Amino acid sequence: MTELNLDLLFSRERIAAEISRLAAEIDRDFAGREVLLVGVLKGSLLFTADLLRALSIPAAVDFVRLASYGSDTQSSGIVEFRYNLESPIRGRDVIIVEDIVDSGYTLEALYNKLLLQQPRTLKICTLIDKRARREVAIEADYVGISMEDGFIVGYGLDYDEKYRQLADIYLVRPEETPFP
Ligand code: PRP
C-alpha cells in the first residue's frame, strides 16, 4: 500500500482536553454510581483506554466487535456481531464508547441490541461525530469533537489497518482520500 499524505487535524493535546471534559461530564452525571464502558473494537481501543483512565467514578470495561457489510464507500446497514460482551448488562449503567460515528449504522445496531438486555441506562460517547454522512437518526450523548466530512486516521482510526498507532488524528488529503 502506498503511504498517504496526512495533515494534522486534531492534536494529542486537543484529544486529551476533550477526553478530560467528557470524563468530567460522565463523573458528574453518574456520581455515586458505577459505569460499564463498552468499547467498540477496534477503532475505539485507545479512546476507551484513555477515557477509562480519566474517569474518577468506578468504571468497568468490556468490548464488542462489529463489522458492517457493503462496498468500501458505503455501509450496507447490515451489521454482524463478531465478538460479544462477556457479562450481562441488565440493570447496569452502560456507556457505548465509539471512536467515530459516521453513517450511524454500527451504533444503531449496537444500541438496539444492548437495549434489549435492559441496562439501567444506556448512553453513547463518541470521540468524533462526523455528521455529514449520517444515514440514521442516532445521536451521541457525549461528543468529543464534531466535524463535517473528511477521511481521518490516527488515534485508533485506520486505513486498511494502518495508522491506528498515531497519537494525533490526521486528515487524508482530499485528492488521496481512498473513499471519496
Ligand atoms: C468504524 C468505527 C465505527 C464505525 C462507524 O469501524 O470504529 O465503529 O466504523 O461507522 P458507521 O457510523 O458508518 O457505522 P470499522 O468498521 O472501520 O472497524 P474498526 O473499528 O475495526 O476500524
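In this predicted model, the side chain of Glu25 makes a polar contact with the side chain of Arg21 at 2.9 Å, and Glu25 itself is found in helix H1, which spans residues 12-29. The pair also qualifies as a salt bridge, with the closest N and O atoms of Arg21 and Glu25 being 2.9 Å apart. Both residues lie in helix H1 and are separated by 4 residues, about one turn of the helix. Arg21 is partly exposed, its relative accessible area being 33%. The pairing is part of a wider arrangement, in that Arg14, Glu18, Arg21 and Glu25 are linked in a network of salt bridges. Glu25 can also be placed relative to a remote part of the chain, since its C-alpha is 8.1 Å from that of Tyr142, although the two residues are 117 apart in sequence.

The count of salt bridges in the model comes to 18. Side chains of opposite charge can pair when their charged atoms come close. One of these salt bridges joins Arg33 to Asp93, with the closest N and O atoms 3.1 Å apart. Arg33 lies in the loop between H1 and E2 whereas Asp93 lies in strand E5, so the pair ties together parts that are 60 residues apart in sequence. The two partners fall into separate accessibility classes: Arg33 is partly exposed, with a relative accessible area of 26%, while Asp93, at 3% relative accessibility, counts as buried.

A further salt bridge is formed by Asp102 and Lys130, for which the closest N and O atoms are 3.9 Å apart. This pair, too, links distant parts of the chain, with Asp102 in the loop between E5 and H3 and Lys130 in strand E6 (residues 121-130), 28 residues apart. Here the acidic partner, Asp102, is partly exposed at a relative accessible area of 25%, and the basic partner, Lys130, is buried at 5%.

Asp62, found in strand E3 (residues 59-69), presents another situation. Asp62 is buried yet has no salt bridge, and the nearest side chain of opposite charge, that of Arg92, is 6.7 Å away. A salt bridge requires a side-chain nitrogen of Lys or Arg within 4 Å of a carboxyl oxygen of Asp or Glu, so the separation of Asp62 from Arg92 lies outside this limit. The side chain of Asp62 does, however, reach the backbone nitrogen of Glu86 at a distance of 2.8 Å.

The ligand is surrounded by 15 residues, of which Glu98, Asp99, Ser103, Gly104 and Thr106 come nearest. By class, this shell comprises 4 nonpolar, 4 polar and 7 charged residues. Strand E5 (93-101) and helix H3 (105-115) each supply at least two residues of the shell, and E5 gives the most, with 4 residues. Asp93, the salt-bridge partner of Arg33, is thus placed in the strand that gives the most to the shell.

Three side chains can be described in terms of their distances to oxygen atoms of the ligand. An N or O atom in the side chain of Thr106 is 2.5 Å from a ligand oxygen, and an N or O atom in the side chain of Ser103 is 2.6 Å from a ligand oxygen. For Asp158, a polar side-chain atom lies 3.1 Å from an oxygen atom of the ligand. The ligand has 490 Å² of accessible area on its own, and the protein covers 80% of this area.

Several backbone features were also identified. The peptide bond from Leu41 to Lys42 is cis, with omega near 0°, and Lys42 is found in the loop between strand E2 (35-41) and helix H2 (45-54). Positive phi values occur at Tyr155, where phi is about 50° although the residue is not a glycine, and at Asp160, likewise not a glycine, where phi is about 55°. Tyr155 lies in the loop between strand E8 (152-153) and strand E9 (169-172), and Asp160 lies in the loop between E8 and E9 as well. Their surroundings nevertheless contrast, given that Tyr155 counts as buried at 5% relative accessibility, whereas Asp160 is exposed, with a relative accessible area of 54%.

Key
Residues are numbered from 1 along each chain as its sequence is written. This is a predicted model: local features need pLDDT of at least 70, side-chain atom pairs count only at pLDDT 80 or more; totals for chains, interfaces and linings use all residues. Side-chain values use heavy atoms; hydrogens and water are left out. A residue is near a molecule or strand if one of its heavy atoms lies within 4 Å of it. A polar contact is a pair of N or O atoms within 3.5 Å; within protein, one must be able to donate a hydrogen and the other to accept it, and residues adjacent in sequence count only if both atoms are side-chain atoms. Accessible areas come from the Shrake-Rupley method with a 1.4 Å probe; for residues, only the protein chains shown count as cover. Ala, Val, Leu, Ile, Met, Phe, Trp, Tyr, Cys and Pro count as nonpolar, Asp, Glu, Lys and Arg as charged, and the others, Gly among them, as polar. Buried means under 20% relative accessible area, exposed over 50%, partly exposed in between (1.4 Å probe, protein chains only). Lys and Arg count as positive and Asp and Glu as negative; His and the chain ends are not counted.
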